[in-house]
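Let's take a walk through this structure, one piece at a time. Have the 3D view open and follow along.

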Amino acid sequence: MSAVVNVEKFYERLNKIHAHFVKHNESTWNGAYCISIDKGSADDDNRYLKSTVIHHYLFGYELPDTILLLTKDGQCIVLAAKKKCEFLQPAVGEAPKNG
């Protein structure tokens, strides 16, 4: 059985992060235009890095060597290798209309 992203949970959780980013942009995020979540190489010795925890929260898996950009206007841009992009492909264009 291969890994599959849960599209509904992904967008539900991504929307929570985005809502916080927009609501607290000036106070917490210092007026930033986007959030960058950079997950470097897999590190079994440090499984509790914020980026690792966020990957598990969003995707259900850790995606090493992946950068996630979430912009103020709601765009989500993923920079990753082909295999990771294929894993995320089911979520492309499936954002709920209300969020």
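Start with the sheet in this predicted model: its 3 strands make an open sheet, ordered E1-E2-E3, and their pairing is antiparallel. On the edges sit strand E1 (34-39) and strand E3 (76-79), each of which pairs on one side only. Going from one strand to the next, the twist averages 15 degrees. As a bit of background, strands of a sheet pair through backbone hydrogen bonds, and they can do so in parallel or antiparallel fashion.

Now zoom in on one of those pairings. E1 and strand E2 (residues 66-71) run antiparallel and are joined by 6 bridges. If you'd like a spot to look for, find aspartate 38: its bridge partner in E2 is isoleucine 67.

Next, look at what packs on the sheet. Helix H1 (residues 7-23) does, and it touches E1, E2 and E3. The direction of H1 makes about 55 degrees with that of E2. Then there's helix H2 (residues 50-59), which lies across E1 and E2 and runs at about 100 degrees to E1.

So how do H1 and H2 sit relative to each other? Two packed helices are described by the angle between their axes and the distance between the axes. Here the axes of H1 and H2 come within 7 Å and cross at roughly 130 degrees. That crossing makes H1 oblique to H2. On the H1 side, the residues that meet H2 are Phe10, Arg13, Leu14, Lys16 and Ile17; on the H2 side, they are Ile54, His56, Tyr57, Leu58 and Phe59. Sorted by class, this contact of H1 with H2 has 7 nonpolar residues, 1 polar and 2 charged.

Last stop: the largest pocket. It holds about 380 Å³ of space. There are 18 residues lining this pocket, and those closest to its centre are Phe10, Tyr11, Leu14, Cys76 and Ala91. You've already met Phe10 and Leu14, since both are among the H1 residues that meet H2.

Which element gives the most to the lining of the largest pocket? That's H1, with 5 residues. H1, E3 and helix H3 (82-88) each supply at least two residues of this lining. And what is the lining of the largest pocket like by class: how many residues are nonpolar, polar or charged? The split is 12 nonpolar and 6 polar, with no charged residues.

Definitions and conventions: Residues numbered from 1 in each chain as written. Predicted model: local features only at pLDDT ≥ 70, side-chain atom pairs only at ≥ 80, totals over all residues. Heavy atoms only, no water. Pairing = 2+ DSSP bridges. Helix = DSSP H or I, 4+ residues; strand = E, 2+ residues; numbered from the N terminus. Axes fitted to C-alpha atoms, helices over the stretch in contact; angles between N-to-C directions. Contact = heavy atoms within 4.5 Å. 1 Å grid on protein atoms, 1.4 Å probe; cavity = no way out; pocket = protein on both sides within 12 Å on 5 of 7 lines; lining within 4 Å. Points joined across faces, edges and corners; volume = space filled by probe spheres on them. Nonpolar A, V, L, I, M, F, W, Y, C, P; charged D, E, K, R; others polar. Parallel < 35°, antiparallel > 145°, perpendicular 65-115°, else oblique.
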